[in-house]
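Here's a friendly walk through one protein model, strand by strand and helix by helix. Have a look at it first, then read on.

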Amino acid sequence: MTDKRPLTPSLTYADAGVSIAAGNALVKAIAPLARATARPGADAELGGFGGFFDPRAAGYRDPLLVAANDGVGTKLKLAIDTGQHDTVGIDLVAMCVNDLIVQGAEPLFFLDYFATGKLENGVAARVVAGIAEGCKQAGAALIGGETAEMPGMYAAGDYDLAGFAVGAVERGEQLTGDGVAPGQLLIGVASSGAHSNGYSLIRRILAEAGADLVAPAPFDAGRSLADALLAPTRIYVKPLLPLIRAGHIKALAHITGGGFLENIPRVLPEGARALVAAPTLPPLFDWLRGTGGVAAAEMARTFNCGTGMVLAVERAEADAVIKALAEAGERGEVVGEIIAGTRGCDVHGAPGQWGEAAAWTASHDA
C-alpha cells in the first residue's frame with residue numbers, strides 16, 4: 001500500500017525561496033518614487049492590476065501611440081560587480097524613451113520588469129529609484145511594473161531589467177524619414193559615454209587588460225573607471241521635443257548598437273545616403289580603442305563613439321538648431337550630410353584621428 005503522507009511538514013512559498021513579504025515591502029518603499037513621476041494623464045499610483053493613462057488629459061486630440069521596449073544589457077554586470085545600482089534604472093528608461101523620440105513621440109508612461117533570484121530590497125529600491133529619476137528626466141509617468149523573485153534562475157546577487165515605454169504623437173506629425181532629402185545636414189548630439197551598448201566588448205577589454213575598476217580612470221583622473229563606464233545614458237527627450245514640434249528636425253537616429261553605420265540608414269528613405277565625417281574620439285572611446293586594439297571600423301559599428309543622437313536638418317537651419325541644443329544643455333555639431341545614392345551610410349575618418357595611420361572608410365547599405 002502506497003504511503004501518501006507528505007515527506008515534510010507543510011511547505012510555504014518562503015521555503016521555496018520566494019518572500020511575499022519582501023515583495024510587498026518593496027512596493028510600499030517605491031510607491032512614493034512612482035508618485036513623484038505623476039504627469040497629466042496619469043496619477044502614477046501603484047498596486048492595481050494595470051495602469052491607466054488618459055491621452056486627452058495629456059493634451060492630445062488625435063494621437064498615434066508608439067511603443068518601445070529594451071534592456072540595459074551586460075552593463076548590468078558591471079553595476080552588480082561594483083555594487084553601483086543607482087543609475088542603471090536611468091539607462092533602462094533612456095534606451096526606451098530615446099527610441100520613442102526619434103519617431104516624434106513624447107513618452108507618456110513607463111513600466112519596468114525586475115527579475116532576480118532572491119529579492120534584496122536595498123538593491124531593488126536603488127534600481128527603481130533610478131528608473132523613477134529616468135522617468136522624471138523624460139517626462140513620463142511610472143505607472144507600474146513587475147518584480148519577479150525566481151530562485152534557481154539567477155546566480156546570487158544577479159538581476160535583470162526590462163523596460164516598456166509608450167508615447168504619443170499627433171497624427172500626421174510623426175517622424176518617418178520621408179522628409180529626409182539630399183542636401184540636408186546631419187547634426188550629432190554628444191553622448192554621456194558608452195550609454196548601454198557594446199558592454200560585452202568593454203568587459204572583454206577590461207578582463208584582458210586586468211583593469212582596476214576602483215582606480216581612477218586612465219583617461220579621467222577625476223573619477224573611477226567604474227564611474228566612467230557606468231555613466232547613465234543621456235535622455236534626449238526634453239531638448240529635442242520642442243525642435244520636433246517646431247518642424248526643425250526631418251529625422252532622428254538613436255545611435256545605439258551598430259553605431260553610425262547601422263542606425264542612420266534606419267531613418268533614411270530610398271535614394272538617400274548618409275556621409276559621416278567621424279568626430280574625434282572622446283577619451284573614453286580612445287582608451288577602449290587603444291587598450292583593446294579595436295579597429296576604427298569596428299568602433300564605428302559597435303559604439304556610439306561620443307554621439308548619442310543624429311539629427312537630419314535643412315542646411316539653412318543647422319546653426320539655429322545647434323544653438324537651441326546648446327541652450328538646452330546639449331552639445332551638437334555637424335557630422336555629415338545627406339547625398340543622393342543607395343540607401344545606407346559611409347563613415348570617413350581622417351588620418352590618425354582614430355588611431356589609424358591612414359584615412360579609413362566604413363560603409364553599410366540598408
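## How the strands and helices fit together

Leu185 has Glu337 of β11 as its bridge partner. That pair belongs to the antiparallel match between strand β5 (residues 185-190) and strand β11 (residues 332-340), which are joined by five bridges. Before going further: this is a predicted model, where local features need pLDDT of at least 70, side-chain atom pairs count only at pLDDT 80 or more, and totals for chains, interfaces and linings use all residues. Residues are numbered from 1 along each chain as its sequence is written, and side-chain values use heavy atoms, leaving out hydrogens and water.

A word on terms: strands (E, at least two residues) and helices (H or I, at least four) are DSSP runs numbered from the N terminus, and two strands pair if DSSP finds at least two bridges between them.

β11 also pairs with strand β9 (residues 272-277), again antiparallel and over five bridges. There, Ala272 sits opposite Ala340 of β11.

Zoom out, and these strands turn up in an open sheet of seven, ordered β8-β10-β5-β11-β9-β12-β13, with mixed pairing. At its edges are β8 (251-254) and β13 (360-365), each pairing on one side only. From one strand to the next, the twist averages 25° (axes are lines fitted to C-alpha atoms, for helices over the stretch in contact, and angles run from 0 to 180 degrees between N-to-C directions).

Here are three antiparallel pairings side by side, each with one bridge pair.

| Strands | Bridges | One bridge pair |
|---|---|---|
| β8 and β10 (residues 307-313) | four bridges | Ala253 and Val310 |
| β5 and β11 | five bridges | Leu185 and Glu337 |
| β2 (residues 106-116) and β4 (residues 159-170) | ten bridges | Phe109 and Val166 |

The β2 and β4 pairing sits in another open sheet, of four strands in the order β1-β4-β2-β3, also with mixed pairing. Its edge strands are β1 (63-70) and β3 (141-149).

Now for the helices. Helix α11 (residues 318-327) lies across β5, β10 and β11, running at about 10° to β5.

How do helix α3 (residues 88-101) and helix α7 (residues 237-245) meet, and at what angle do they cross? Their axes come within 10 Å and cross at roughly 10°, which makes α3 roughly parallel to α7 (angles under 35 degrees count as roughly parallel, over 145 as roughly antiparallel, 65 to 115 as roughly perpendicular and the rest as oblique). Contact, meaning heavy atoms within 4.5 Å, is made by Val97, Asn98 and Ile101 of α3 with Val237, Leu240, Leu241 and Ile244 of α7.
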